[in-house]
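Subject: Handover of a structure, with notes

Dear colleague,

I am passing on the structure below, followed by an account of what was found in it. Please read the notes with the coordinates open beside them.

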Amino acid sequence: MVQAGGHRVLAGLLGAVLLGLGGCSSERASTKVDEAWLARVPPAQMEPVHKARITQSKAVDETTRARVSLEDGKRELEVAKTNEKAAKASREAEEGALKAARETGQANDSARAQQGLKDADLEFQAAQAEVEFREQVVATREAMEKMRARELAVADAELAQTEYQALLHSGDVRAQELDGKTFADNLAKARSEAWETQREVDALLQTQRQSQARWQQLDSQVKAYGGSGR
C-alpha cells in the first residue's frame with residue numbers, strides 16, 4: 001500500500017514537472033516584445049528600434065497610396081470604356097453615312113464618307129487600345145497593392161526582430177522568454193514573399209508599357225488626322 005501510494009506521488013510530481021516545462025515552452029515560443037520592457041532599454045540602444053518604426057510607418061503610407069492608386073486606375077478604366085462605346089457608335093454612324101452616300105451614286109459624297117469612316121475606325125481602334133492599357137494598369141496596381149502589403153509585413157517583422165535584439169543586448173533576462181529563431185524565420189518568410197510579388201509586378205509593368213506604347217501610337221495617329229484624341 002505504501003509502495004502504491006509512493007507511485008502515485010511520483011506520478012503527480014512528474015505531471016507537475018511536465019506541466020511546468022510545457023508552460024516554459026509556451027512562454028519561450030512568444031514573439032511579442034512587451035512595450036513596457038523596452039522602456040528599460042538604454043536610449044542609445046533604442047536607435048535601431050526607432051529607425052525600424054520609421055520604416056514601418058513609411059510602409060503603412062505606401063500601402064495606403066497603393067490602394068488609392070488602384071481606385072484611381074479603376075475610375076480611369078471606366079472613363080476609357082465610356083469613350084470606347086462612344087467611338088464605336090461614331091464608327092457605326094459613319095458606316096451608315098457611307099452606305100447612304102453610295103446609294104446616291106455621288107462620288108464626292110462617297111469619298112467624304114469613306115474618309116469619315118476611316119477616321120472613325122482609327123479613333124475606335126485607339127479607344128480599344130486605351131481600354132486594354134487601362135485594364136493592364138489596374139492589373140499592375142492590384143499586384144502593386146499586394147506587394148506593398150507584403151513590404152509592410154517585412155517592416156513589421158523587422159521591427160519585431162529589432163525590438164527583440166534591443167531587449168537581448170540590453171541584458172534584460174526577459175528576452176529569454178522570447179523565441180529568437182521565430183523572429184528570424186518570420187522575417188525571412190516575409191522577405192521571400194515580398195520578393196516573389198516584386199517579380200510579378202515587374203512582369204506586369206513590362207506588359208503595361210507595351211500596351212501603353214500601342215495606345216499612344218494610335219492616339220498620335222488620331223490627333224495627326226485631326227481626330228478627337230484622348
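Asp185 and Lys181 lie four residues apart in helix α5 (residues 180-224), which means that about one helical turn separates them, and their side chains form a salt bridge in which the closest N and O atoms are 2.7 Å apart. Asp185 is partly exposed, with a relative accessible area of 38%, whereas Lys181, at 58%, counts as exposed. These positions, like everything that follows, come from a predicted model.

The structure holds 15 salt bridges, and the following ones can be set beside the pair in α5. In helix α4, Arg148 and Glu151 are three residues apart, again about one helical turn, and their side chains meet at 2.8 Å, N to O; Glu151 counts as partly exposed, at 27% relative accessibility. Arg134 and Glu130, four residues apart in helix α4 and likewise separated by about one helical turn, form a salt bridge at 3.4 Å, N to O. The spacing in these pairs fits a general rule: an α-helix has 3.6 residues a turn, so residues three or four places apart point the same way. There is also a network, in which salt bridges that share partners join Glu35, Arg53 and Glu163.

Is Arg134 buried or exposed? Arg134 has a relative accessibility of 16%, and because buried means under 20%, Arg134 counts as buried. Its partner Glu130, at 7%, counts as buried too. Setting aside residues up to four places away in sequence, Arg134 touches Glu76, Leu77, Ala80 and Trp215; of these, Leu77 and Ala80 are among the buried residues of α3.

Trp215 also takes part in one of the two aromatic pairs that the structure holds. Its partner is Phe133, and the pair is stacked, at 5.4 Å centre to centre with 15° between the planes. Because Phe133 lies in helix α4 and Trp215 in helix α5, this pair ties together parts that are 82 residues apart in sequence. Phe133 is buried at 5% relative accessibility, and Trp215 is buried with a relative accessible area of 8%. In the other pair, the rings of Tyr164 and Phe183 have their centres 4.9 Å apart and their planes at 15°, so this pair is stacked as well. Tyr164 belongs to helix α4 and Phe183 to helix α5, 19 residues apart, and both residues are buried.

Turning to the nonpolar cores, the largest has 14 residues, and those with the most contacts inside it are Val33, Val41, Leu167 and Leu178. The elements that give two or more residues to this core are α2 (35-38), α3 (47-104) and α4 (107-169), with α4 giving the most, namely four residues. Leu167 touches Val33, Trp37, Val41, Asp172, Arg174, Ala175 and Leu178, residues up to four places away in sequence not being counted. A second, separate core of eight residues includes Leu122, Ala129, Val137 and Trp215, the last of these being the tryptophan that stacks with Phe133.

Where does Ala39 sit? Ala39 is in the loop between α2 and α3 and, at 65% relative accessibility, counts as exposed. Its C-alpha atom is separated by 9.7 Å from that of Leu167, although the two residues are 128 apart along the chain.

As for the chain overall, the secondary structure comes to five helices and zero strands, so that the order from the N terminus on is α-α-α-α-α. Helix α3 has 58 residues and reaches 85 Å from its first C-alpha to its last, close to the 86 Å expected at 1.5 Å a residue. Its buried residues include Val49, Ala59, Leu70, Gly73 and Leu98. Of the 230 residues of the protein chain, 28% count as buried, and the accessible surface comes to about 14,500 Å², of which 53% belongs to carbon and sulfur atoms. Among contacts with a separation of 6 or more, 82% are accounted for by residues 24 or more positions apart.

With best regards

Methods. Residues numbered from 1 in each chain as written. Predicted model: local features only at pLDDT ≥ 70, side-chain atom pairs only at ≥ 80, totals over all residues. Heavy atoms only, no water. Core = buried A, V, L, I, M, F, W, Y, C linked by side-chain atoms within 4.5 Å. Buried < 20%, exposed > 50% of the residue type's maximum accessible area, 1.4 Å probe, protein only. Contact = heavy atoms within 4.5 Å. Areas by Shrake-Rupley, 256 points an atom, 1.4 Å probe, with all protein chains shown as cover. Salt bridge = Lys/Arg side-chain N within 4 Å of Asp/Glu carboxyl O. Expected span 1.5 Å × (residues − 1). Phe/Tyr/Trp six-rings, centres within 6.5 Å; stacked < 30°, edge-to-face > 60°.
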